[in-house]
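Good morning, colleagues. Please take a moment to look at the sequence and the structure on the screen before I begin.

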Amino acid sequence: MRIYVAGHRGMVGQSLVKRLGSLGHEVVTRSHEELDLLDQEAVRRFFATERVDQVYLAAAKVGGIHANMTYPAEFIYQNLLIAANVTHQAFLANVKRLLFLGSSCIYPRLTEQPIREDALLGGQLEPTNEPYAIAKIAGIKLCESYNRQYGASHGIDYRSVMPCNLYGPGDNYHAENSHVVPALIRRFHLAKTTDAPEVLIWGTGQARREFLYVDDMAEGCTTVMGLSRAGYEQHTTPMCAHINLGMGEDQTIAELAQLVGEVVGYRGRIRFDPSRPDGAPRKLLDVSCAAAIGWHPTVSLAEGLQRTYADYQKSLQPAAQELAHA
């Protein structure tokens with residue numbers, strides 16, 4: 001099939017492109033410079049020109065807790081527009097199947113653990129990333145609403161997956177705007193190379209998080225998209241039509257930091273700053289639905305962190321070479 005992957009330069013998009021290519025599909029991509037997904041007319045022209053069979057919507061403005069708290073307007077505005085423009089224009093171009101990628105932050109801050117898909121809209125969201133979460137919820141509801149209105153008449157089948165915290169090669173290691181795993185890798189590596197006596201981490205360290213290696217996520221996405229319509233409907237309902245993807249286990253941020261420190265080889269102290277926010281206390285997904293359709297993650301957190309750190313070190317090589325030749 002001819003498949004458009006929106007957001008192919010990001011960590012998730014890169015993994016999806018690799019996975020879809022390995023399955024023999026023709027993958028269509030566009031950089032932000034070539035196609036601005038915030039521009040509805042540009043998206044319309046793209047779908048009118050590039051006939052595609054399926055869409056994987058991985059494009060998003062993303063970031064960690066600091067970025068979400070600093071740029072809330074950008075997070076809600078850009079992610080709403082991306083979801084609306086791509087979904088609607090794909091529909092107008094007669095694209096029959098689309099996969100929307102959400103985030104576990106869509107669920108209430110305080111809810112029963114592990115979190116089932118039907119917990120959506122059952123309580124108050126985590127304030128630190130509420131704008132991003134609302135945009136992602138809107139994306140899910142877009143897919144559900146288009147299915148309800150046009151599924152029978154137009155034959156469309158738009159689906160959603162909700163991964164837990166993702167990490168892996170190609171991640172964003174920005175000092176302030178990255179997610180927790182790349183942020184910790186960067187911080188511990190810098191502390192190691194500068195012989196810093198300690199690493200300071202936001203929060204108490206007691207919040208619990210679940211982490212999924214990005215290539216496992218990509219396989220989960222193609223598994224979901226490979227289901228027949230009847231197979232997908234067997235595990236979802238018209239107004240709760242997303243599927244969780246996760247490891248099925250979590251750890252505290254303190255445990256994660258200890259593991260990252262070991263992978264990087266840092267031997268100093270780890271100190272936490274309780275004056276900084278923890279975010280939601282826990283976000284463990286119920287992945288029984290994903291298991292029922294035959295998907296199971298295969299990369300352990302320890303192995304995934306080793307692969308990710310190797311990728312980070314590789315990303316530093318061009319800068320080191322430029323410094324050497326300066």
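**A helix pair and one loop residue**

Helix 4 and helix 5 are roughly parallel to each other, because their axes cross at roughly 15 degrees and angles under 35 degrees count as roughly parallel. I should say at once that this is a predicted model. For orientation, helix 4 covers residues 72-92 and helix 5 covers residues 130-154. Their axes come within 8 Å, and helix 4 passes helix 5 in a right-handed crossing.

Which residues of helix 4 meet helix 5? On the side of helix 4 they are P72, F75, I76, N79, L80, A83, A84, T87, H88 and F91. Helix 5 contributes P131, Y132, I134, A135, A138, G139, L142, Y146, Y150 and H154. Sorted by class, this contact holds 15 nonpolar residues, five polar ones and no charged residues.

I now turn to a single residue, R109. R109 is found in the loop between strand 4, residues 97-101, and helix 5. Is R109 buried or exposed? Its relative accessible area is 30%, and the buried class ends at 20% while the exposed class begins over 50%, so R109 counts as partly exposed.

What surrounds R109 in space? Beyond its neighbours within four places in sequence, R109 is in contact with Q124, L125, E126 and P127, and also with G279, A280, P281 and R282. With E126 there is a polar contact between the two side chains, at 2.6 Å. Finally, R109 and K283 are 174 residues apart in sequence, yet their C-alpha atoms are 8.1 Å apart in space.

Terms used
Residues numbered from 1 in each chain as written. Predicted model: local features only at pLDDT ≥ 70, side-chain atom pairs only at ≥ 80, totals over all residues. Heavy atoms only, no water. Axes fitted to C-alpha atoms, helices over the stretch in contact; angles between N-to-C directions. Helix = DSSP H or I, 4+ residues; strand = E, 2+ residues; numbered from the N terminus. Parallel < 35°, antiparallel > 145°, perpendicular 65-115°, else oblique. Left-handed = near helix turned anticlockwise from the far one by under 90°. Contact = heavy atoms within 4.5 Å. Nonpolar A, V, L, I, M, F, W, Y, C, P; charged D, E, K, R; others polar. Buried < 20%, exposed > 50% of the residue type's maximum accessible area, 1.4 Å probe, protein only. Polar contact = N/O pair within 3.5 Å; in protein donor to acceptor, adjacent residues only side chain to side chain.
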